[in-house]
Amino acid sequence: MKMYIAGKWVDKAQTIDVTNPFDGSVIDTVPRGEPSDVEAAIDSAERGAKAMAALSAYERYQIIHRAANLMLERLDDLGRTITLEEGKILAEGMGEAARAAETMVLSAEEAKRITGETLDLSGSSAGAGKFGFTLRVPCGVVAAITPFNFPLNLVCHKVGPALAAGNAIIIKPASDTPLSALKLTEIFVDAGLPEEAIQCVTGSGGVIGDAISSNPKVRKISFTGSRDVGEHICQVAGLKKVTMELGSNAPLIIMPDADLEKVAAATVSSGFANAGQVCISTQRVFASKEIYGDFIDALKPAVEALTTGNPLDEGVKMGPMIRAQDAERVDSWVQEAVSSGASIVTGGTREGTIYAPTILADVAPEMKVACDEIFGPALGVSRIDGIDQAIAMANDTNYGLSAAIFTENLNWALKFAQQVDSGNIHVNWGTQWRADLMPYGGLKESGMGKEGPKYAVEEMTETKMVVIH
Ligand code: NAP
């Protein structure tokens, strides 16, 4: 496919291969953009932002709604594209495409709900007799830098709210998975968006990233990706707004009163969906000492039932990782844990990009599988003794994106919710759960700012204070 800059589909002599992670075959190519392409996109987006500002809220709603309908019409193609470029099983690819269309509907609705507030200025001694109110206005040009693992829905979480709020948007999709974002761009062009209000620039983040992040005409960066790239973007961004949706090593606590069959089912879906390449994947499982052995006995057959293979084949429950080097990295972390005293309950083998769904037992906090983000299909189980230790272990990390507890005890559940430093807390389900309308984002090094269309619109608008004297 071509990239979309200044209202035109643009090619380049240099291209990037987009490959199927399962077999390495080339499914398409995209242009290898350069910093000069970014500049052209930003200059055009400034004009696009003016065109957006001239639309009424209802017109923005209509365009985004039309785009959502086009997504539904093209759902099969979008779902298959996600699976082909990202490697998740087709059921998950179709699920992501359906969620993405819903994210767009939610965003369209938010276009009609952007309000300010009136202020009683007489509450301050200087304010008697004055009338005050706030206006929410678009930031102008918003940049969306997105990761490989949800190549459509996470792009929609930025594009939908940015346009709903009246901004122009520049998308920089992950180089492994740019096709879904380009197809979304095509949909917005077909839906009648002002042509310069959307730009999609493909190319290596290491080469074109700084040209986006450092440009003062970009007034807001919404980034989803790894912690280190996020920190780099913050360093070069200068004086502009940023939202950072970063990584995690999410903890799941199992108290002695939990229903272990339910926990095992939740752990499988929470730890191994998309081959564990989800920012809120369950990575650190802390099982109470009373049920530790029984839990592992319940989890092992459920994990072993995850058949791996070609994600397009029916019956396959888990596909490949995005790159062979990532599967090799997961393997080296598993081997490091084993050499430091952990044991493999199941898995621990690699075939190309496919890493067998893996459970490690007796994991210690200093092992890489516990203290770094593994972002792959392996989780570690450790023993805990009581709610206080559970909370301490959950908090023993630089991250804080999602945390979960299984218990029937309301006091334990509430204590966990209050004391664990995490942007999302789940009681009686795993860490990997999200409704696209909820406020979603991390604490600590998992990032700052919230997504979910209502909350992203707040992040992508500015407040002006008006005082009538
Ligand atoms: P990544 O390597 O950080 O890449 C994310 C995006 O940043 C890609 O588009 C990448 O482009 C771009 N990029 C790379 N270097 C850049 C630079 N110097 N300046 C600007 N942009 C740059 O992350 P990933 O491997 O795609 O995704 C996995 C990570 O995302 C995990 O850590 C995961 O936890 C996190 N994540 C977080 C959330 C959340 O909501 N909190 C959701 C999903 C994923 P290239 O592809 O061209 O390098």
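Helices (H or I, at least four residues) and strands (E, at least two) are taken here as DSSP runs, numbered from the N terminus. The model is predicted, with local features needing pLDDT of at least 70 and side-chain atom pairs counting only at pLDDT 80 or more, while totals for chains, interfaces and linings use all residues. Residues are numbered from 1 along each chain as its sequence is written.

The largest pocket (an open set of points on a 1 Å grid over the protein atoms alone, where a 1.4 Å probe fits, with protein on both sides within 12 Å along at least five of seven lines) holds about 900 Å³ of space; volume is the space filled by probe spheres set on the points, joined across faces, edges and corners. Its lining, meaning residues with an atom within 4 Å of a point, numbers 39 residues, and Phe148, Gly225, Ser226, Val229 and Arg323 lie nearest the centre. At least two lining residues come from each of helix H7 (205–213), strand S10 (218–224), helix H8 (227–237) and helix H11 (324–339). Because domain 1 (3–246 + 443–468) and domain 2 (250–427) both contribute to this lining, the largest pocket lies between them; the domain bounds come from an automatic or database domain assignment.

Now to the second largest pocket, with a volume of about 590 Å³. Of its 29 lining residues, Arg99, Phe150, Ala273, Val278 and Gln432 lie nearest the centre. Two or more lining residues are given by each of helix H4 (90–110), helix H5 (153–164) and helix H9 (260–272), and H4 provides the largest share, five residues. The second largest pocket also lies between domain 1 and domain 2, since both give residues to its lining.

Key
Heavy atoms only, no water.
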